[in-house]
Protein chains: 2
Amino acid sequence: MTKQKIPYQIRLTEDELPTRWYNFRADMKNKPAPLLDPQTHRPMTLEALSQVFCTELARQELDDTTPYFDIPEEIRQFYRMYRPSPLIRAYRLEQALQTPAHIYCKFEGNNTSGSHKLNSAIAQAYYAKQQGLRGVTTETGAGQWGTALSMACAYFDLDCRVFMVKVSCEQKPFRREIMRTFGASVTPSPSTETAVGRAILERFPGTGGSLGCAISEAVETAVTNEGYRYVLGSVLSQVVLHQSVIGLETRAALDKYGVRPDIIIGCAGGGSNLGGLIAPFVGEMLRGEANYQLIAVEPVSCPSLTRGRYAYDFCDTGKVCPLAKMYTLGSGFMPAPNHAGGLRYHGMSSSLSQLYHDGYLTARAVEQTAVFAAAETFCRAEGILPAPESSHAIKVAIDEALRCRETGEEKNIVLGLTGTGYFDLTAYARFNNGEMSDLIPTDEALEESLSQLPDVSDAAF
Amino acid sequence: MTKQKIPYQIRLTEDELPTRWYNFRADMKNKPAPLLDPQTHRPMTLEALSQVFCTELARQELDDTTPYFDIPEEIRQFYRMYRPSPLIRAYRLEQALQTPAHIYCKFEGNNTSGSHKLNSAIAQAYYAKQQGLRGVTTETGAGQWGTALSMACAYFDLDCRVFMVKVSCEQKPFRREIMRTFGASVTPSPSTETAVGRAILERFPGTGGSLGCAISEAVETAVTNEGYRYVLGSVLSQVVLHQSVIGLETRAALDKYGVRPDIIIGCAGGGSNLGGLIAPFVGEMLRGEANYQLIAVEPVSCPSLTRGRYAYDFCDTGKVCPLAKMYTLGSGFMPAPNHAGGLRYHGMSSSLSQLYHDGYLTARAVEQTAVFAAAETFCRAEGILPAPESSHAIKVAIDEALRCRETGEEKNIVLGLTGTGYFDLTAYARFNNGEMSDLIPTDEALEESLSQLPDVSDAAF
């Protein structure tokens, strides 16, 4: 193919917006292990899952054989308001690093929610609306997911009830306000609105809350209110499915210019962004058609892939959700207060865990001071203020580009630029003031939380 | 022309990025009155202006006859990182309003600085670099301009010294941090770094500062430090010239689909966004080729066009800058604390003032509670959180669209969506909590500040 000049932003047209999501589980020989009922340790049925999730979403969750799902036209209409998202050729960063490598960033921050979370939020809201529900409940920590869901619910005129970790609510009042502006109700958790919230408040009157508690409150609200279901922004296979739109667009944009990626890098919290970004590429690997170097990047403070155990665990600290087999640090693991709120989850999506286990995916853990230094380099070169989460991928992309400078290799590096850091400037301030530190969990702390894994030796499937 | 389906986002390609800025002053029969030296009341010379501004920028400032200026390739390269900016067809808003009108939004918020200010910041930084300067100084109130300039200076490796109104610095720590992340120094004003700052601190020890004082500090720093010049983000004709890229792209995008605008609406603070948006359209009007309804929207709390006087006035409260003939409320006018920080300027760009005086431009003043209600309607429909400034244009666009619902007219309405409101959520919180009010200056207050206008009856030009 003749070499065309690659623009700063490779943009697909609206007509090139993907029409189907890709479910890479269909191409996996070793399927992810099924979700288990936390009581019986038997695989979750569609009926049981549908008590908590919308029925169509429960169906998607359980389906590991259908490779493609049509994206409903209503969702595509919404996508068109901010998609296809740009694939940015980071010319200035390459220049700053003096690297022969070519760096491409799939930028998902160009929407008001500020991240890729919107891709799944709108899908989940759509299916809730289709099912005739009145509303949905969810929890949010850093606030990206809650913001995305609020936008999606405003679009479909659904009630949106967000339980926000109390301490986040106080530390990030702007995040709360943006959700309210979209019409969502935002309740600091623990609250007096639920039995579980009241119980926790009685035991720990001054608590600032936790994600686990907020999940429990959101689930209780969903199952005790007529016409409500609970929705979740990561970890689940349905979410990875919706996020495949990221990878499909990336693939199409690269194909336009005949670019074949060598390395694909994404930050990994619950795994939804990474899973979506690599989807079509790992599909080729699973089918034996191609090979890529896929790198998951996580913080050293919450190293589920690099230091966790591959085992069944609770998805939430409240232990009300199904059990999933995944790389986990233990549901009781309390990560140090790393500023990348979206990467503080104790486990990893079960499908990505299986890919990692089978060697399709590699992982690296990085320190947050190095991550913010990379973010600043990126920001000054490319004029985009990245989210701390995304900056984990930037850090490793820069490492790889510098390695290319040593070897002279002209590698194509693709990274998932999941969102913007407008609401993370407190973290940037700590970095700018030299007040940021790196907290690495001790082996003893990990052993302690891993010793609490549930015993599923009676599981039958 | 056959009607094509218009996409949600009309996007030009990089190749369609304008190659020239358009200077509509060249087509004005009644030229804007010249800037006057505040001491001698004689027109400012290139030499005098070049003491404060970069020489090339001073030249652009004085040139009211050259219709087009080539955009240097280095600036176009930077533009390509975020331009051409999208022209959004607000289908969902139209639907929500049940209007036959078609609403188009030229969205300038899709860059990290969050507003159109970057279009001129990069140009000013470029010319400073070309002149071999070490750095530039400026002031910032709300912070959009300071952020844009910091980004631009990081790109050209220029020192950037921002004087930020002390009270804004404290109220908007995030804005300060983003500038620091781009490597700028941000000094709360008044400071002890300048003679004027020290004098003010001595007289008013606890003052929170003012834009006027910050300008004076920035100008003093520029003229007393070797290799520095002062730069300004609005009001000046050079800034309106750079911002013409907005209108030129808008024009090109509409032309692609054969759309002829009927109404073009922009918020007006110092006038840079509005002037840039209407540039090619008012050019046609000035040349007698077409007619459009052009509407400037300002807050009732700072109504320079609708209630000001067309006269020579100081551009700054410190009275160190040249005098400009403009619609003004008096340089000592203290607007009520409206949340649209970018619209709190006492005057209006001299070229827009002349257009308004000559009837090419109309103006409306709107109340901020109505503005935030419009912002919320827009946000829920279109999924973009608008800046309070931009929301002034949205308010009037909605009014016009509702009028079309009455009359059945299928008008094409274009509005300048100048930026995002991520850093304005304190204002949204006040609105969401029902704590926002509308403060309209009394006739007496206006008379009082207008009575302080300088006497330029000895001016000779």
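The following exercises, with worked solutions, concern the interface and the aromatic contacts of a predicted model.

**Exercise 1.** Describe the interface of chain A and chain B by its residues, its buried area and its polar contacts.

*Solution.* Begin with the residues in contact, of which chain A contributes 39 and chain B likewise 39. The area buried between the two chains comes to about 3900 Å², and carbon and sulfur atoms give 56% of this area. On the side of chain A, the residues that lose the most area to chain B are A:Y8, A:T181 and A:Y422, which together account for 18% of what that side buries. Turning to polar interactions, one finds 21 residue pairs in polar contact between chain A and chain B, both residues being at pLDDT 80 or more, whereas the rule finds zero salt bridges across this interface.

**Exercise 2.** Determine which helices of chain A each supply at least two residues to the side that touches chain B, and how the residues of that side divide by character.

*Solution.* The elements of chain A that each supply at least two residues are α6 (144–156), α8 (173–181), α15 (368–382) and α17 (425–432). Sorting the residues of that side by character then gives 19 nonpolar, 11 polar and nine charged.

**Exercise 3.** Work out the surroundings of B:Y310, and decide whether this residue is buried or exposed.

*Solution.* First locate B:Y310, which belongs to strand β12 (residues 309–314) of chain B. Its relative accessible area is 15%, and since buried means under 20%, B:Y310 is buried. Next, leaving aside neighbours within four places in sequence, the residues in contact with B:Y310 include B:K325, B:Y327, B:S350 and B:H357. B:Q354 is also among these contacts, and its side chain makes a polar contact of 2.5 Å with the side chain of B:Y310.

**Exercise 4.** Classify the aromatic pairs that A:Y327 forms with A:Y310 and with A:Y356, and state which parts of chain A they link.

*Solution.* Take A:Y310 and A:Y327 first: their ring centres are 4.8 Å apart and their planes lie at 15°, so this pair is stacked. The pair links strand β12 (residues 309–314), which holds A:Y310, with strand β13 (residues 323–328), which holds A:Y327, the two residues being 17 residues apart. A:Y310 is buried at a relative accessible area of 16%, and A:Y327 is buried at 10%. For A:Y327 and A:Y356, the centre-to-centre distance is 5.0 Å and the angle between the planes is 80°, an edge-to-face arrangement. Because A:Y327 lies in strand β13 and A:Y356 in helix α14 (residues 350–357), this pair ties together parts of chain A that are 29 residues apart in sequence.

Notes: Residues are numbered from 1 along each chain as its sequence is written. Chains are lettered from A and ligands numbered from 1 in the order in which they are written. This is a predicted model: local features need pLDDT of at least 70, side-chain atom pairs count only at pLDDT 80 or more; totals for chains, interfaces and linings use all residues. Side-chain values use heavy atoms; hydrogens and water are left out. Contact means heavy atoms within 4.5 Å. Buried area is the accessible area (1.4 Å probe) that two parts lose on being put together, summed over both. A salt bridge is a side-chain nitrogen of Lys or Arg within 4 Å of a carboxyl oxygen of Asp or Glu. A polar contact is a pair of N or O atoms within 3.5 Å; within protein, one must be able to donate a hydrogen and the other to accept it, and residues adjacent in sequence count only if both atoms are side-chain atoms. Helices (H or I, at least four residues) and strands (E, at least two) are DSSP runs, numbered from the N terminus. Ala, Val, Leu, Ile, Met, Phe, Trp, Tyr, Cys and Pro count as nonpolar, Asp, Glu, Lys and Arg as charged, and the others, Gly among them, as polar. Buried means under 20% relative accessible area, exposed over 50%, partly exposed in between (1.4 Å probe, protein chains only). Rings of Phe, Tyr and Trp (its six-membered ring) pair if their centres lie within 6.5 Å; planes under 30 degrees apart count as stacked, over 60 as edge-to-face and the rest as tilted.
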